[in-house]
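Q: Please take a close look at the salt bridges of this model, and then place them against the packing of the rest of the chain. I would like a connected account.

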Amino acid sequence: MSIEEKQKPQRNDRVTIRTVATHAGVSVAAVSKVMRNAYGVSDALRARVTDAIETLAYRPSRAARGLRGRSFTIGVLLIDIRNPFLPEVIAGVNGVLAPSHYQAMIGVSDARVQLETSLIESMIDYKMDGLILVAPRLPSEILAKFAVQIPIVAVGYHDASATAFDTVNADDQRGAEIAVEALLACGYRNIEMLSLGERQGHAVSVVRQREIGFRRAMQRGGLGSSPTISKIPIASPKREEVMRKFLSRKDRPRAVFCWSDLDAITLLSLAMEIGVRVPEDLAVIGYDNSSTAALGLVNLASIDQSGRELGQVATRVLISRIEGRTASEHIFQIPSLVSRNSLTRFGNSTDMKQG
């Protein structure tokens, strides 16, 4: 039997970092440096260790790495998996993690605070290195208590005063303003906003921030001090029932800004079902510029907050916090409008001037 055959473990043998070191003819510390992508590792050493890892099919024990202080796992907590905006955020997270030694583990919650809390506690118990929370509903003081135990970055959570955790957001107030400004530029004056019910958002949520921006832009456009914001429930079938009533109103507005593509797309579908023409009878702007909004049969004008970029930035911010940064960071990105057929009707501006 050759030396290489002796070094290669049998099928039932457990391959460890020491096995890799022996196979590569280097120290355990050298293997560890390569795996951590440490500074100063030569190309030759990296090649030898990488070849040994591939030959031996070595998979590091996450439990053992956790005991040494790192599991190289990032927890990503999503609140509403139905939102077509979320895959872009996840793609941004995975794009940054791909060349690193970190991997993402995704948890899905819902509107229940108890479940959200339980999932965060479980991620901490599994010794994850950090958490990215997408649109969490927990109060800031609760997030701050968790952040003492684990680095946290909150996406879609507007609390610039937080010191224990970081936030990464699109400027949701500005995004709503851009939507109203676009409708005004097209000649619409009778404009409402479709938002979520009072219990489905709080001061730091994207929902409330977009409402603030909507009101401000409407007031600045001379459309009254109290513009109309219609509230819809979060659960079906009441959600769709409220939207049907909105579309069937005799005093229905000429244009509507929806807090999210999630509801704007549903509104377009119901409008077609009822016989309300878009944009001839009702102009619609959504928020998120999800992939569904761009489909030819949907053609929804929407505010683009670049979910992929939000995911990328949040991941980089989290890794820097894991690696020792202590000062909090609160990052804003400026959204933009992607105009599609739900905003204007090609070749005819007469209907847009009405109302």
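A: In this predicted model, the structure holds 18 salt bridges. As general background, side chains of opposite charge can pair when their charged atoms come close.

One of these bridges brings together the side chains of Asp 166 and Arg 325, with an N to O distance of 2.9 Å. The pair links distant parts of the chain, since Asp 166 belongs to strand 5 (residues 166-170) while Arg 325 sits in the loop between helix 13 and strand 11 (330-333), 159 residues apart. Asp 166 is buried, at a relative accessible area of 0%, and Arg 325, at 17% relative accessibility, counts as buried because the cut-off for that class is under 20%.

Two further bridges connect helix 11 and helix 12. In one, the side chains of Arg 239 and Asp 263 meet at 2.6 Å, N to O; Arg 239 lies in helix 11 (residues 238-248) and Asp 263 in helix 12 (residues 261-274), so the pair ties together parts that are 24 residues apart in sequence. Both Arg 239 and Asp 263 are buried. In the other, the side chains of Arg 244 and Glu 273 form a salt bridge of 3.1 Å, N to O, and this pair again links distant parts of the chain, with Arg 244 in helix 11 and Glu 273 in helix 12, 29 residues apart. Here Arg 244 is partly exposed, with a relative accessible area of 32%, whereas Glu 273 is exposed, with a relative accessible area of 53%. Elsewhere, salt bridges that share partners join Arg 174, Glu 177, Glu 181, Arg 216 and Arg 220 into one network.

The loop that follows helix 12, leading to strand 9 (283-287), contains Arg 277, which is partly exposed at a relative accessible area of 44%. Arg 277 and Ser 342 are 65 residues apart in sequence, and their C-alpha atoms are 9.5 Å apart in space.

Turning from charged pairs to nonpolar packing, the largest nonpolar core has 44 residues, of which Phe 214, Leu 267, Val 284 and Ile 285 touch the most other members. Leaving aside residues up to four places away in sequence, the contacts of Ile 285 include Ala 179, Leu 183, Phe 257, Ile 303, Leu 337 and Leu 343. Apart from the largest core lies another, of 24 residues, among them Val 76, Ile 90, Val 96 and Leu 318.

Helix 6 (residues 86-97) has 12 residues and reaches 17 Å from its first C-alpha to its last, close to the 16 Å expected at 1.5 Å a residue. Its buried residues are Leu 86, Val 89, Ile 90, Gly 92, Val 93, Val 96 and Leu 97. Seen down the helix axis, these buried residues fall within an arc of 155°, so they line one face of helix 6. The buried residues of helix 6 pack against strand 1 (73-78), strand 2 (103-108), strand 3 (130-134) and helix 13 (307-322).

A last contact set involves Leu 119, in helix 7 (residues 113-125). Not counting residues up to four places away in sequence, Leu 119 touches Leu 77, Val 108 and Ser 109; the C-alpha atoms of Leu 119 and Leu 77, which are 42 residues apart along the chain, are separated by 7.9 Å.

Note on methods: Residues numbered from 1 in each chain as written. Predicted model: local features only at pLDDT ≥ 70, side-chain atom pairs only at ≥ 80, totals over all residues. Heavy atoms only, no water. Helix = DSSP H or I, 4+ residues; strand = E, 2+ residues; numbered from the N terminus. Expected span 1.5 Å × (residues − 1). Buried < 20%, exposed > 50% of the residue type's maximum accessible area, 1.4 Å probe, protein only. Arc of directions from axis to C-beta. Contact = heavy atoms within 4.5 Å. Salt bridge = Lys/Arg side-chain N within 4 Å of Asp/Glu carboxyl O. Core = buried A, V, L, I, M, F, W, Y, C linked by side-chain atoms within 4.5 Å.
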